[in-house]
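Colleague: I would like a close look at a single part of this chain, with its surroundings described residue by residue. Please take one position as the starting point and work outwards from there.

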Amino acid sequence: MLPGSSIVCCGESEDQIVNFLGQTSIAVLRIVICAALCSLPAAAQTEGRPNVVVVFADDWGRYASAYGRLEPGGLSDIVQTPNFDRLAASGVLFTRAFVNAPSCTPCRSSLLSGQYFWRTGRGAILQGAVWDDRIPAFPLLLEKSGYQIGHTAKVWSPGSPGNAPIGAGRTAVKGTGGRFNDYSEALSASEDPGALGEQLLGEVRAGFRTFLQARSPETPFLYWWGPTTTHRTWVRGSGKKLWNIDPERLRGRLPGHLPDVPEVREDVADYLGEVQAVDAGLGAVMEVLEETGQRDNTLVIVSGDHGMAGVPGGKCNLYDTGTRVSLAISWPAAIPAGRVVDDFVSLPDLSPTVLQAAGVAVPEVMTGRDLLPLLRSSSAGLVDETRDHVVIGRERHVAGARPDFLPYPQRALRTADFLYIRNFAPDRWPMGVGPGFGAPEGAWPDSDRLAGNTFAAFADMDASPTKRWVIEQGLKQPEYRVFFERAFAKRPAEELYDLRRDPEQIHNVAGSAEYAGILQAHSERLIRILRESGDPRVMTEPCVFDLPPYAGQPEPAGNGGRGGKAGGRAAGKSDQG
């Protein structure tokens, strides 16, 4: 309970990049979009257009008690998310929802544009990201069609201008504060955490109410609440102190890439406490929505931008711990309730879904697939047999993580039975460099820096107690070396995991003769999708993502360039998104 678009050869301009992408696979895209438009139910054309509420949390992976009831044995057995569960019961709970990129800015670029992240220009990277306003973004398209739009906290960040795809500061709800983002910090320091917790929830309610009071009652709206509460850092021991999450209850439930030791269990318990705080904030948003009397005709979407940060296999990795997220969608007036859907969903699918629901034409450049047929169906389980995969990838996260400010380029194909990963630069270090591992031999940073300064070593993994433990114990004790190697060592050009035998994605079978045919089929399918969508990583040599401004020293990003927990405020704790 609560206590209290780019294809370019070297030398081509950014204009050429975006213009080329606008022409990529247009014939195929027209067929897809026309079919979707023709299938739009008549009810959506005649009923009042729905309001839209998006709750989108930083670094919130697939952890919710609704999932624990479906698949017992993991962390979702421990976390309690009654508000998310209630929302899912009123609509659809998706079991196979994935981000397109497990890094804050590119994930959000893909979602807001409805395109693969590699098609979003400099939105495809984190540090050094710049939004190109020629790229259609669903919030601004809604606004042009007559919606009133607004946001509180983080929508698109780090990048410049901050939150640009929703109108930046012009549509920000003013004067509501951002203290909720520092939930555990604030309550842990308070003499009356119960009272302060209610104050912070009151600020969440006030933000939404302020937005609603400024709108015409007859105008449909889009409101985005983007808590960064689940982004590091948080207070050690806060999971138990504030939420009564005993770290020992996590024994035997951690993801396979994490060592099951007391220090890590406590760190993850603290993270789950932050998840419960986000759920409490969701409850506050829903309470205000209920007050309007418009809940039935409001499309509510709740999800997160990638998995847990600061742990092996999580954020900035293409394993499920980094890419699989919670997703629930509710629209009582139009969506049959109480269903669990197992079709593969990629977050860029949300853009065309919202536009279709609002009766707004879907731009042809969008590669996401409208979810309305799934949502309006009365079926559960596997609904559309063509939704049998997602494609995931990453380029640059922290600019200085490795020499010459280069990215770690990866793409992956995730199906029901296999995860195939292509590492395009296996000579680079996946999480960046550290002393003796891509950087000159020398003394390691002290324990406090490893736990508190992301840039001290292996900068593509957020600083954390878990990161510190894996580095220190993995280098000292042979029995824990395997966790260090999985997290930080160089990786082969190809990885293949048989999820039927290895759901934790630990044993790479890419070199096994038994899997040669499967490896080839998945590789060919992935590369075909990348080529059809105009991914510069397979279309250009040298690749644009290895050249400035996508690589090299990032340009100053202005006040939109800071990330971290305080994403929607004037200053943040970290420059890492």
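Colleague: Which residues is threonine 95 in contact with, leaving aside its neighbours within four places in sequence, and in which strand is threonine 95 found?

Modeller: The model is a predicted one, and what follows should be read with that in mind. Leaving aside the neighbours within four places in sequence, threonine 95 is in contact with Arg62, Tyr67, Leu70, Arg324, Val340, Val341 and Asp342. Threonine 95 is found in strand S2, and its relative accessibility is 5%; because buried means under 20% relative accessible area, threonine 95 counts as buried.

The strand around this residue is covered in much the same spirit, in that six of the seven residues of S2, which spans residues 92-98, are buried. Strands of a sheet pair through backbone hydrogen bonds, either parallel or antiparallel. For S2, both senses occur: six bridges join S2 to strand S8, residues 339-346, and this pair runs parallel, whereas S2 and strand S7, residues 327-330, are joined by two bridges and run antiparallel. Leucine 93 takes part in both pairings, since its bridge partner in S8 is valine 340, while in S7 it stands opposite alanine 328. Valine 340 is also one of the residues in contact with threonine 95. A further antiparallel pairing, over two bridges, links S2 to strand S6, residues 324-325, and there phenylalanine 98 stands opposite arginine 324. Arg324, too, is among the contacts of threonine 95.

Moving outwards to other strands, strand S1, residues 51-57, has seven of its seven residues buried. Both of its faces are covered, with Asn51, Val53, Val55 and Ala57 buried on one side and Val52, Val54 and Phe56 buried on the other. S1 pairs in the parallel sense with strand S5, residues 298-304, over seven bridges, and valine 55 has valine 302 as its bridge partner in S5. With strand S4, residues 221-226, the pairing of S1 is again parallel, over four bridges, and valine 53 stands opposite tyrosine 223 there.

Another sheet is an open one of four strands, in the order S9-S10-S11-S14, with antiparallel pairing. Strand S9 (389-394) and strand S14 (494-498) stand at its edges, and because each has a single partner strand, one side of each is left without a neighbour in the sheet. Neighbouring strands of this sheet are turned by 15 degrees against each other on average, direction ignored. S9 is joined by six bridges to strand S10, residues 410-415, in an antiparallel pair, in which arginine 394 stands opposite glutamine 410.

The helices can be followed in a similar way. Two packed helices are described by the angle between their axes and the distance between the axes. Helix H5, residues 82-89, and helix H11, residues 262-292, pack at an angle of about 55 degrees with their axes 7 Å apart, which makes H5 oblique to H11. Pro82, Asn83, Phe84 and Leu87 of H5 make this contact with Asp279, Ala280, Leu282, Gly283 and Met286 of H11; by class, the contact comprises six nonpolar, two polar and one charged residues.

For helix H16, residues 465-476, and helix H17, residues 481-488, the angle is about 125 degrees and the axes are 7 Å apart, and H16 and H17 are therefore oblique to each other. The crossing in which H16 passes H17 is left-handed. On the H16 side the contact is made by Lys467, Val470, Ile471, Gly474 and Leu475, and on the H17 side by Arg481, Phe483, Phe484, Ala487 and Phe488. By class, this contact holds seven nonpolar, one polar and two charged residues.

A loop position completes the tour. Alanine 137 has its place in the loop between helix H6 (104-113) and helix H7 (138-144), and because its relative accessibility is 3%, alanine 137 counts as buried. Not counting residues up to four places away in sequence, alanine 137 touches Leu112, Trp131 and Pro165. Alanine 137 and methionine 366 are separated by 229 residues in sequence, while their C-alpha atoms are 9.6 Å apart in space.

Note on methods:
Residues numbered from 1 in each chain as written. Predicted model: local features only at pLDDT ≥ 70, side-chain atom pairs only at ≥ 80, totals over all residues. Heavy atoms only, no water. Buried < 20%, exposed > 50% of the residue type's maximum accessible area, 1.4 Å probe, protein only. Pairing = 2+ DSSP bridges. Axes fitted to C-alpha atoms, helices over the stretch in contact; angles between N-to-C directions. Parallel < 35°, antiparallel > 145°, perpendicular 65-115°, else oblique. Left-handed = near helix turned anticlockwise from the far one by under 90°. Contact = heavy atoms within 4.5 Å. Nonpolar A, V, L, I, M, F, W, Y, C, P; charged D, E, K, R; others polar.
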